[in-house]
Structures are given as structure tokens and as C-alpha cells.
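Trainee: I'd like a close look at a single part of this one, with the rest brought in as context. Take your time and walk me through it.

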Amino acid sequence: MDISVVIPLYNEEESIPELYNWIKRVMNDNNFTYEVIFVNDGSTDRSWEIIEGLAKDDHHVHGIKFRRNYGKSPALYCGFEKAQGDVVITMDADLQDSPDEIPELYRMIVEDGNDLVSGYKQNRSQGDPLSKTIPTKLFNATARKVSGIKNLHDFNCGLKAYRSDVVKNIEVYGEMHRYMPYLAKNAGFDKIAEKPVHHQARKFGKSKFMGWNRFVNGYLDLITLWFLSSFGRKPMHVFGFLGSLMFFIGFIAAAVIGAQKLWAVSHGIPARLVTDMPYFYISLTMMIIGTQLFLAGFVADLVSRSSQGRNEYQIEKTI
Ligand code: UDP
Ligand code: MG
């Protein structure tokens with residue numbers, strides 16, 4: 001099979017029929033063999049009935065129904081597990097992404113040899129308010145910096161194409177769908193490209209991601225990913241180093257303070273009480289925090305040693 005289209009959706013009943021017909025038209029025009037997997041993320045409207053209706057008349061349509069709303073990442077994860085196409089394309093259900101992009105995305109994977117092609121909403125729909133576009137710019141700049149994927153302008157675009165290997169070997173969870181390219185890169189898939197895509201205003205319903213907390217969460221997720229990719233398998237290297245460094249500085253400082261005092265006492269020079277000096281407390285605190293950090297690294301190492309994934313590596317080939 002050429003293409004699997006995975007569509008996570010939450011309360012998008014109005015859009016589904018139009019979206020599906022459009023995808024079908026594009027697929028038929030290009031003679032692709034395909035399947036469309038709708039992942040109903042606990043919709044409370046009639047989305048599931050509509051998907052069932054489509055699947056009854058058309059064997060290209062598949063559906064997964066969550067019992068409750070889990071979020072976009074879990075929906076993608078389950079869609080990826082089921083996908084059988086050589087190329088997997090993800091797309092939002094709200095008709096903001098155009099299925100007309102599919103043939104070119106497919107070509108960029110199959111012919112140009114990319115692992116992942118991410119859509120770039122270059123001229124974002126006019127419907128999006130400034131309060132959404134400005135933080136998005138900031139967010140993408142940070143993600144570019146941290147992930148080291150310098151050629152991506154738009155990490156969070158719902159329209160992306162993957163080589164099948166990629167989706168079968170990465171695990172998206174929580175709200176990590178914002179960082180699919182970073183997840184792919186961490187798994188060793190580093191041929192990542194971008195394609196400017198058309199982006200329309202939402203026709204029906206409203207956005208499921210509103211408010212500022214999504215940026216706070218987005219940044220926290222980015223820190224997690226960065227930490228996991230740099231120290232996930234060796235936490236002692238960061239905590240142990242920082243802890244030892246702090247303890248060492250604190251210890252030396254305390255020793256200097258003590259030595260000064262002893263010297264003064266032995267020479268009969270009047271000196272302040274050690275406990276009257278702020279330096280004493282600072283060095284004491286540093287030694288305590290240093291020990292704590294060291295212990296944190298130790299515990300984290302124990303955890304990673306006994307975790308199930310400790311010996312999971314990305315093996316591309318064995319002969
Ligand atoms: N979505 C989902 N589960 C959720 C929230 C959203 O499956 O908990 C789907 C939603 O139905 C849509 C896609 O994720 O197909 C993107 O959501 P939306 O269009 O609201 O995001 P925006 O375009 O505003 O960033
Ligand atoms: Mg949308």
C-alpha cells in the first residue's frame with residue numbers, strides 16, 4: 001500500500017465527509033493505493049457515526065474509537081500502530097490542511113529520500129489571531145535551537161509525511177506531537193525536510209488548543225525531550241557532575257574559612273566567629289545541595305538501569 005492517512009479528531013462531525021471526499025478524489029486522481037484511518041479521540045458529537053457510515057461503503061476507511069478524550073498524541077500513536085502504508089501522512093480533521101498536498105509530500109519521501117516532511121503554514125490563515133501567531137514564532141525558534149533541526153519553520157503543523165519506518169520506531173505520548181521531527185531525529189531519522197503548504201481558516205467548529213498554558217506545556221515538553229536525548233540514558237553524568245562540582249566548591253570554601261580561623265586563633269589575633277560570616281552558610285548550603293544533586297543522579301541512574309527500555313536501541317539493519 002502506498003499511503004496511510006492518519007487523522008486524529010475530536011468533535012469534527014461537520015468536516016469529516018467533505019475531508020474524506022477530498023482525500024478520495026486526490027488519491028484516485030493519482031492512482032495511489034491507500035487507507036484513511038480516522039482516530040476518534042473521544043468525540044461527544046456524531047463523529048463516530050459518520051466514520052462508521054463511511055467505512056460501511058468503502059473499504060479504504062478505518063476507524064479507531066477512544067472511549068474518552070486522551071489528546072492528539074495518543075490518537076496519533078494508535079493511528080501509527082495501525083498504519084500499513086509505505087508513507088504515512090498525518091492531517092488535522094478540520095479542513096485547515098489541504099489534501100492536495102499529498103502527492104508532493106509522497107514524492108518528497110519516496111523520490112527525494114526524506115524520512116520526514118513537515119508542512120509549513122507559510123501564509124497562515126487570516127483567521128488566526130496575533131495572540132496565536134507571535135507565540136508560535138517564538139516557540140518554533142526555541143524548538144529549532146534546542147533540537148538542532150535548523151531547516152524547520154513550523155514544528156507543530158498537523159500535516160506531515162513520514163516514511164513508515166519512522167512512525168513504527170518512535171513513540172509519541174503526552175503532548176509530544178508538537179515535536180515529531182525532534183522525536184524522529186532522536187531515533188536517528190535525520191533527513192527532515194519542509195514543504196510550504198496552504199492553510200485555510202477553520203470552516204466548522206473551533207480550535208481545540210486555546211490559551212497560553214499550551215505554550216508553557218510546550219516548553220516543558222521541550223526541556224524533557226532535550227534532557228532525555230542528551231542524558232536520558234546517563235543521568236549521573238549531569239547530576240553527578242553538578243553535584244560534585246558544588247560540593248567541591250562548598251568544601252574548599254568551608255576549609256578556607258576554617259583554616260583562616262585556626263591561623264588567627266593560633267597567632268592570638270582576634271577573629272570573628274565562623275558562624276557570624278555569611279560565607280560559612282553559603283558554603284554549607286552548597287555542600288548540602290551538592291550532595292542532594294549527586295544523590296538525585298544516583299537515584300535516576302538506578303531508575304534508568306531498571307527501566308524496561310534500558311536496552312532499546314534503533315537498529316537499522318542486521319545481516
Ligand atoms: N484533536 C484531537 N484530540 C484533542 C484535540 C484535538 O484529536 O484532544 C484533533 C482535532 O480534532 C484536529 C487536530 O487535532 O483534527 C488539531 O486540532 P485543532 O485544529 O483544534 O488545533 P489548531 O489547528 O487550532 O492548532
Ligand atoms: Mg486546526
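**From one tryptophan to the ligand shell**

Mentor: Let's start with Trp226, which is partly exposed because 19 other C-beta atoms lie within 10 Å of its own, and 20 would be needed to call it buried. Bear in mind that this is a predicted model. Trp226 sits in helix 8, which covers residues 213-231. Ser307 lies 81 residues away from Trp226 in sequence, and the two C-alpha atoms are 19 Å apart in space.

Now the overall layout. The chain splits into domain 1 (3-231) and domain 2 (236-303), and the centres of domain 1 and domain 2, taken over C-alpha atoms, are 51 Å apart.

On to the inside. The largest nonpolar core holds 59 residues, and Val5, Val6, Ile7, Ile89 and Tyr179 have the most contacts inside it. A second, separate core has five residues, among them Met246, Met286, Leu293 and Phe294. As background, nonpolar side chains tend to be buried together in soluble globular proteins. Go back to Ile7 for a moment: once you set aside neighbours within four places in sequence, Ile7 touches Val36, Ile37, Phe38, Val39, Met91 and Ala93.

Ala93 turns up again at the ligand. In total, 17 residues surround ligand 1, with Pro8, Tyr10, Ala93, Ser207 and Lys208 the closest. Strand 1 (3-9) and helix 3 (72-82) are the elements that give two or more residues to that shell. By type, the shell has six nonpolar, five polar and six charged residues.

A couple of backbone oddities are worth a look too. Most residues other than glycine have a negative phi. Asn11 isn't a glycine, yet its phi is positive at about 55°. You'll find Asn11 in the loop between strand 1 and helix 1 (16-29), and it counts as buried because it has 21 C-beta neighbours inside 10 Å. Leu95 is another non-glycine with a positive phi, of about 70°. Leu95 belongs to the loop between strand 4 (87-90) and helix 4 (102-110), and it counts as buried because 21 C-beta neighbours fall inside 10 Å.

Last stop, helix 5 (residues 130-147). At 1.5 Å a residue, its 18 residues should span 26 Å, and the end C-alpha atoms are 25 Å apart, so the two agree. Just after helix 5 comes Gly148, with a positive phi of about 75°.

Methods. Residues numbered from 1 in each chain as written. Chains lettered and ligands numbered in written order. Predicted model: local features only at pLDDT ≥ 70, side-chain atom pairs only at ≥ 80, totals over all residues. Helix = DSSP H or I, 4+ residues; strand = E, 2+ residues; numbered from the N terminus. Buried ≥ 20, exposed ≤ 12 C-beta atoms within 10 Å, placed from the backbone. Expected span 1.5 Å × (residues − 1). Core = buried A, V, L, I, M, F, W, Y, C linked by C-beta atoms within 7 Å. Contact = placed C-beta atoms within 7 Å. Near = placed C-beta within 6 Å. Nonpolar A, V, L, I, M, F, W, Y, C, P; charged D, E, K, R; others polar. Domains from an automatic or database assignment.
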